[in-house]
Amino acid sequence: MIEGGPEPAIPPAWEPYRQGDSISGVAIRDVRVILTAPEGIRLVVVKVETTEPGLYGLGCATFTQRPLAVKTAIEEYLRPFLIGRDVHDIEDIWQASFVSSYWRSGPVLNNAMSGVDMALWDIKGKIANLPVYQLLGGKTREAAEVYVHASGPEPAAVEEHCRELMVEGFRYLRCQVAVAGYSTYGVSGRTKDRHYRVSIDTRQERWSPEAYVRRVPELFEHLRSALGPEVELLHDIHERVPPIHAIRLASELDPYRLFFLEDPFAPEDNGYFRQLRQHSVTPIAMGELYVNQAEYVPLIQQRLIDFIRVHISDIGGITPARKLAALCEWFGVRTAWHGPGDVSPVGHAANLALDLSSSNFGIQEYSFIGERSREVFPGTPEVRDGAMWSNEQSGLGIDLDEALAARYPYPEHPVNGAWPEVRRVDGGVQKP
Ligand code: MG
């Protein structure tokens, strides 16, 4: 300090408020984890209970391949960290939880944080007596249009499946065809009640990227010719081919005008998007496997993708997802949040809150939610006329019947539900 200069500024005398104390008078009393599998898929749901009798929130923390690791992260680390905090401090709780492990951004901890985060948005909505989409800015559309999955052993069978779905009012169809002799992603036996079929077959399945990239253009040539120009067709590569194969496939699919082509690359191959853009005008949707903002922010900022497809619980919940949606809006990227069977109905309700309130909503993936799930989760969003609708209840509008949930324990599985191994013809491991 220069002698004779001004005295250093003295911070004002703040109220003795410590970040994390409850000032609203409603605090987190307990954080509980509920494991259930009404459709055979391992779901993880978090229930945040408050000091206000009867007031609680629900969140999705489903990481179906490692659910018990998420349960431990919540019960052993987040629960003691969060009890006593103000339920209204959603942003502060997210930021504090994010760095409390020092090492961060992995799927286990992100899912644990998502369970708490969605539950806090649910609670805030209940206190405000408003649906969560209202807290996020209000409705920008009546309902969220969905896409559903069509598949079959041959292009003609996929066409037949598409026609059945179109009769039911679906206008966006993700189409996958089997590659004879190989285990093909997205093609499974259809069950009568359309419950998601969960394989417990962990035998090593063989795969040929070359056979697959020859097959897919045949499928879309058939479908576009048979179904006409108006129906929207989608396809998921699911990262299963070398990057240059994906680039060629995207180029070959250009004439069939897909609504989007999903996950052309593994997250580790992000560097290929610029080459892809130089060879194809097919819209690109990416990436359900992202867990770290460093993976997706550059792709958005450089306008290398057209749809952001993260799994909301895998990036940490509604709090990071609403920021991501806003970032995407300013770069012309639309949302297409991941919505398979391993998103719990609570997670679907969170997706819907963002779908309704985001002006850059693109499409919502939807897997048929069976009656058992709808009984366990009263208030699960309805899908009709090809779109998902809010039930207009406060918060996320969804509840959990814990007694019923307990009647659907995780199914027996030799490796606790892990992703089945896929190997190439020579036995080398293939990314999923
Ligand atoms: Mg996918």
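**Notes on a predicted model: helices and salt bridges**

1. Let's start with a charged pair: E91 and K323 form a salt bridge, with their closest N and O atoms 2.7 Å apart. The two partners sit in distant parts of the chain, E91 in helix α2 and K323 in helix α11, 232 residues apart. Keep in mind as you read that this is a predicted model.

2. How open are these two residues? E91 counts as partly exposed, at 32% relative accessibility. K323 is partly exposed as well, with a relative accessible area of 37%.

3. Now step back to the two helices that carry the pair. The axes of α2 and α11 (residues 318-329) come within 10 Å and cross at roughly 100°. That crossing makes α2 roughly perpendicular to α11, because angles of 65 to 115 degrees count as such. On the α2 side, I90, E91, W94 and Q95 take part, and they meet T319, P320, R322 and K323 in α11.

4. Which residues does D117 touch, leaving aside its neighbours within four places in sequence? The contacts are I90, W94, G316, G317, I318 and T319. D117 itself lies in helix α3. Two of its contacts, I90 and W94, also turn up in α2 where that helix meets α11, and T319 turns up there on the α11 side.

5. D117 is worth a second look. This residue is buried yet has no salt bridge. The nearest side chain of opposite charge is R322, 7.4 Å away, whereas the cut-off for a salt bridge is 4 Å between a side-chain nitrogen and a carboxyl oxygen. R322 is also among the α11 residues that meet α2.

6. Next, have a look at helix α1, which covers residues 67-82. Where does it bend? The bend is at I74, by about 35°. I74 is also one of the buried residues of α1, and the others in that list are P67, V70, A73, L78 and L82. After the helix comes G84, whose phi is positive, near 100°.

7. What do the buried residues of α1 pack against? Two of the elements are strands, β1 (28-36) and β2 (43-50). The other two are helices, α2 (90-100) and α3 (107-128). So if you trace outward from α1, you come back to α2, which meets α11, and to α3, the helix that holds D117.

8. Back to charges: a search of the whole structure finds 25 salt bridges. One of them joins the side chains of E49 and R29, at 3.1 Å from N to O. This pair also links distant parts of the chain, with E49 in strand β2 and R29 in strand β1, 20 residues apart. E49 is buried, with a relative accessible area of 13%, while R29 counts as partly exposed at 46% relative accessibility.

9. For a pair within one helix, try E218 and R215, whose side chains meet in a salt bridge at 3.4 Å, N to O. Being 3 residues apart in helix α6 (residues 209-227), they are separated by about one helical turn. E218 counts as partly exposed at 42% relative accessibility, and R215 is buried, with a relative accessible area of 14%. Elsewhere, salt bridges that share partners join R29, R32, K47, E49 and E402 into one network.

How values were computed. Residues are numbered from 1 along each chain as its sequence is written. This is a predicted model: local features need pLDDT of at least 70, side-chain atom pairs count only at pLDDT 80 or more; totals for chains, interfaces and linings use all residues. Side-chain values use heavy atoms; hydrogens and water are left out. The bend at a residue is the angle between axes fitted to the seven residues ending there and the seven starting there. Helices (H or I, at least four residues) and strands (E, at least two) are DSSP runs, numbered from the N terminus. Buried means under 20% relative accessible area, exposed over 50%, partly exposed in between (1.4 Å probe, protein chains only). Contact means heavy atoms within 4.5 Å. Lys and Arg count as positive and Asp and Glu as negative; His and the chain ends are not counted. Axes are lines fitted to C-alpha atoms, for helices over the stretch in contact, and angles run from 0 to 180 degrees between N-to-C directions. Angles under 35 degrees count as roughly parallel, over 145 as roughly antiparallel, 65 to 115 as roughly perpendicular and the rest as oblique.
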